[in-house]
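User: Please take a close look at a single strand of this protein and at what lies on either side of that strand. Which residues does it hold, and how is it joined to others?

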Amino acid sequence: MEFEEQQVLLRNTVSRFAKEQLAPLASEIDQQERFPRETFEKMAELGLLGLGIPEEYGGFRGKIVEACIVGEKLARYCASTAASWGAHVDLCAANICRNGTEEQKKRFLPDLATGKKLGGMAMTEPDAGSDVLAMKTRAVQDGDFYVLNGRKTFITNGPVGDLFLVYARTDPKARGKGITAFVVEKGFDGFTSGKKLEKLGWRGSPTGDLIFEDCRVPRENIIGEVNGGVKILMSGLNSERLLLAAESLGLGRACLEDSVQYARERVQFGKRIADFQMVMEKLARMATKVEAVKAMVWSQAFKMSENGPAAMTMETAAAKLLASEMALQNALDATQIFGGYGYIREFPVERYLRDARIMTIGGGTSEIMCQVIFRELEKGL
Ligand SMILES: Cc1cc2nc3c(=O)[nH]c(=O)nc-3n(C[C@H](O)[C@H](O)[C@H](O)COP(=O)(O)OP(=O)(O)OC[C@H]3O[C@@H](n4cnc5c(N)ncnc54)[C@H](O)[C@@H]3O)c2cc1C
């Protein structure tokens, strides 16, 4: 599990970038619920928006190890930025890379790689979350077009994105075998984004509804086969879960590092609070969980970079489960160690707690991760 020279270079570059460019803005974009477009322009200059896209389409190459390196470092300083970046590179661009035709890759990827267009992915609907195959957004063929009607909700980058991978039902009688993946672009007739949703955390990453009212999507924007959308969707789940685990690692590490620093400086009863055994124990347990998640994330990332994501369903669900729960618990512990200062906005730990809250929900809830893990366990019995 040794990083290669290029990976170390990437890690150092992104770490410095995140510390210098994201950290100073993180509180402001959180409080103002503002999407930091200027940060994304700088990330485009560094090649981070083209990560995973082959150079021939204007990208920066890189596999899941590189994506996890960037995801962890961005989330260490600004979980909102990591969320919007992840939706762009992983949920949208990586899937088009994996499943698009040569013509589609040439058409869509260069603008995503340079950041000219911001991407996202839309599967969730008001009545279809964990049970995503219950989606109702309908796509009906009309000559060389498909006409989409319906509403997606909770879509990361929804209010600001330009290009979305959208799943819609093409066969109302079939459940999983009646869904198709479409690329829908801003400006298509009948496609609008709803208002930005107000959130507890990830407030610098805009989330919203996508609305389709007789939206005409050209046939050539179908990714994969008609009624083959579930295959496209499933092809991205394992890398999404691992990337969310890496982002949770960044967030959990932020909680730990800030807490250690604070515990060494804060004096009560004439002692550093780090010298109280109950505080010490909390810090030791936080560090232990970070180490466990670190081992899990990097061993899986190297394995996935080598062999692809297909056979890693149980492992990635386990990594997402453990990592997201670690981030949430570490954020709770951090706010406890900071005492009253953990509850006010002067310090970032209250934001860490709000940002960590989504990690056990988005990308599949902890309950769904347990279900996936158990199903895989049963297969092996
Ligand atoms: C900030 C944010 C960003 C998001 N970004 C995107 C995005 O970019 N694209 C996208 O498509 N979606 C996105 N989502 C949606 C996200 O993936 C869903 O919220 C998530 O999958 C859960 O679905 P739900 O909210 O409908 O909850 P529900 O499915 O209604 O779940 C409610 C509760 O019931 C439990 N539950 C449900 N089914 C079972 C079961 N079978 N067994 C046990 N417990 C169960 C759940 O675990 C949960 O505790 C985002 C959500 C948020 C909040």
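Analyst: Two strands pair if DSSP finds at least two bridges between them, and strands themselves are DSSP runs (E, at least two residues), numbered from the N terminus. The structure is a predicted model, in which local features need pLDDT of at least 70, side-chain atom pairs count only at pLDDT 80 or more, and totals for chains, interfaces and linings use all residues. Residues are numbered from 1 along each chain as its sequence is written, and side-chain values use heavy atoms, with hydrogens and water left out.

The strand chosen is β5, which spans residues 179-185. On one side it is joined to strand β4, residues 163-169, by seven bridges. β4 and β5 run antiparallel, and among their links is the one between L163 and E185 of β5. β5 is also joined to strand β8, residues 222-223, by two bridges. This second pair is likewise antiparallel, and within it F182 has I222 of β8 as its bridge partner.

β5 is mostly covered, for seven of its seven residues are buried (under 20% relative accessible area, 1.4 Å probe, protein chains only). In a regular strand the side chains alternate between the two faces of the sheet. In β5, I179, A181, V183 and E185 point one way, while T180, F182 and V184 point the other way. Both sets are buried. E185, the partner of L163, thus belongs to the set with I179, A181 and V183, whereas F182, the partner of I222, points the other way with T180 and V184.

Notes. Buried < 20%, exposed > 50% of the residue type's maximum accessible area, 1.4 Å probe, protein only. Helix = DSSP H or I, 4+ residues; strand = E, 2+ residues; numbered from the N terminus.
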